[in-house]
Amino acid sequence: QVRLIESGGGLVQPGGSLRLSCAASGRTFDRYARGWFRQVPGKEREIVAATTMSGGTTYYADSVKGRFTISGDNAKKVMYLQMNNLKPEDTAAYYCATRYSLSGTSYYTRAASYDDWGQGTQVTVSS
């Protein structure tokens, strides 16, 4: 099991940027596929971005494509979500998640596919 701790959320004006971090403790990080999700009250948790355990293949939701970037550092056991050109509709609680993976080529877009979750960090985009 991997324990995940997010940081980097906050209040930002439209058009601004934030970088979310997700630090992992426990087992080695490089066997885990990773994802970022977000959730607003009353709605289901939705995928934002996902990547394979090597980071070689990435997936982005259409709503964030071209603005967000998922990345990571296996040696430091940290994953990131760089968010640029933020919009009010990006306001949500953001969660990082990992799933132990035997396949270096798989990423996962369903929340139910992930085993470990961070506690969430709030991102508010408002003027």
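**Figure 1. The whole fold, strand by strand.** Read from one end of the sequence to the other, the protein runs β-β-β-β-β-β-β-β-β-β-β. That comes to 11 strands and zero helices, where strands are DSSP runs of E of at least two residues and helices are runs of H or I of at least four, numbered from the N terminus. This is a predicted model, in which local features need pLDDT of at least 70 and side-chain atom pairs pLDDT 80 or more, while totals for chains, interfaces and linings use all residues. Residues are numbered from 1 along each chain as its sequence is written, and side-chain values use heavy atoms, leaving out hydrogens and water.

**Figure 2. A look at the aromatic pairs.** The structure holds six aromatic pairs; rings of Phe, Tyr and Trp (its six-membered ring) pair if their centres lie within 6.5 Å, with planes under 30 degrees apart called stacked, over 60 edge-to-face and the rest tilted. One of them joins tyrosine 108 and tyrosine 114, edge-to-face at 6.3 Å between centres and 85 degrees between planes. Tyrosine 114 also meets tryptophan 117: the centres are 6.1 Å apart and the planes at 65 degrees, so this pair is edge-to-face.

**Figure 3. The aromatic cluster and its cover.** Here Phe37, Tyr108, Tyr114 and Trp117 come together as one aromatic cluster. Tyrosine 108 is buried at 16% relative accessible area, and tyrosine 114 is buried at 5%, whereas tryptophan 117 is partly exposed at 26%. Buried means under 20% relative accessible area, exposed over 50% and partly exposed in between, using a 1.4 Å probe and protein chains only.
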